[in-house]
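Here are a few short exercises to work through with the model open. Try each one on your own before reading the solution.

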Amino acid sequence: MNATYLRLEAVRLFRNKRVVIFSTLLPAILVLIIGGVSVGNDPDAKKYVMVSMALFGAMSAALSSGGTIAVERGLGWNRTLRLTPLSPGAYVMNKVLLALLVAVPPVVVTFVIGATALHVRLTAAEWLLCFAGAWLSSLPFAALGVVLGYIAKPDSVQQVGALINLVLAAFGGLWVPVDLMPRVLREIARFTPSYWTGEVARSPLDGGHIDGQAILVLLGWTVVLGLVALRRFRVDTARA
């Protein structure tokens, strides 16, 4: 049941071309504008922008799962799922895995543009670590997308998700490096998952390593948001 549901959901997900195209096209345009025009010929700045925009695309794609869930709730799909052997834990895990799957194209396309149009040069290890960091760092946002799907209404979930994504992207240093922010904003940023997401994704650029503390913090955020998503699913199906 679990494998079949995951396969069918994956096929349905990639048929929704608007989600895939938007989450891929926007960071691709931004990396060209910011990385190709705003930062000049600074190679380190171009690397920073490329990884940040890849992360922004992965975050956007992961959060988009909330819109699908909200629509399913509106259609009464949860009533049907309650009659199947699919457990609440498996449902939430499938949604998170699907969000990770749709987060792959934005990272790949942004990195390709960075290498070809911006002439970003990294070692093989740095490319691999940056890709893994930008992609897997979207985990807590995948869980957050599930939570939003059970809190927001179908007609407002996209707008709420977009607003949250932009705010978290700002505190993650995607638009302006956190070190350049006022002290108060820097302190606030440390309490957001996006700050640590940026630390994981961009840390390979500083000597080709991964920030272990940031990974632990992100895992904590993922577990907490995953438990909240599981709780919301159970509450919602109990009311269905």
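pLDDT is the predictor's confidence in each residue, on a scale from 0 to 100. You'll want it straight away, since this is a predicted model.

**Exercise 1.** Find which helix has the lowest mean pLDDT and which element has the highest.

*Solution.* Start with the whole chain: its mean pLDDT is 82, and 86% of its residues reach 70 or more. Now go element by element. Helix α5 (residues 77–82) comes out lowest, with a mean of 65, while α7 is the highest at 92.

**Exercise 2.** Describe how helix α9 and helix α10 pack, and work out what kinds of residues make the contact.

*Solution.* First, the geometry. Helix α9 covers residues 139–151 and helix α10 covers residues 157–171. Their axes lie 11 Å apart, at an angle of about 145°, and α9 passes α10 in a right-handed crossing.

Next, pick out the residues. From α9 come F141, L144 and L148; α10 brings V157, V160, G161, I164 and L168. Finally, sort them by type: 7 are nonpolar, 1 is polar and none is charged. Glycine counts as polar here, so G161 of α10 is the one to put in that class.

**Exercise 3.** Stay in helix α10 and look at N165: is this residue buried or exposed?

*Solution.* The cut-off for buried is under 20% relative accessible area. N165 has 5% relative accessibility, so it counts as buried. Then ask what it touches: setting aside neighbours within four places in sequence, N165 is in contact with F56, M59, S60 and L63.

**Exercise 4.** Do the same for K95, then see how far its C-alpha atom is from that of S65.

*Solution.* K95 sits in helix α6 (residues 88–102). Its relative accessibility is 3%, so this lysine is buried too. K95 and S65 are 30 residues apart along the chain, and their C-alpha atoms are separated by 7.1 Å.

**Exercise 5.** Explain why helix α12 can be called largely enclosed.

*Solution.* Count the buried residues: 9 of the 10 in α12 (residues 193–202) qualify, so the helix is largely enclosed by the rest of the structure. Among them are Y195, W196 and R202.

**Exercise 6.** Check the backbone at H119 and say what stands out about its phi.

*Solution.* Begin with the background: most residues other than glycine have a negative phi. H119 isn't a glycine, yet its phi is positive, at about 60°. Now place it: H119 is in the loop between α7 (104–116) and α8 (124–136). With a relative accessible area of 53%, H119 is exposed.

Terms used
Residues numbered from 1 in each chain as written. Predicted model: local features only at pLDDT ≥ 70, side-chain atom pairs only at ≥ 80, totals over all residues. Heavy atoms only, no water. Axes fitted to C-alpha atoms, helices over the stretch in contact; angles between N-to-C directions. Helix = DSSP H or I, 4+ residues; strand = E, 2+ residues; numbered from the N terminus. Left-handed = near helix turned anticlockwise from the far one by under 90°. Contact = heavy atoms within 4.5 Å. Buried < 20%, exposed > 50% of the residue type's maximum accessible area, 1.4 Å probe, protein only.
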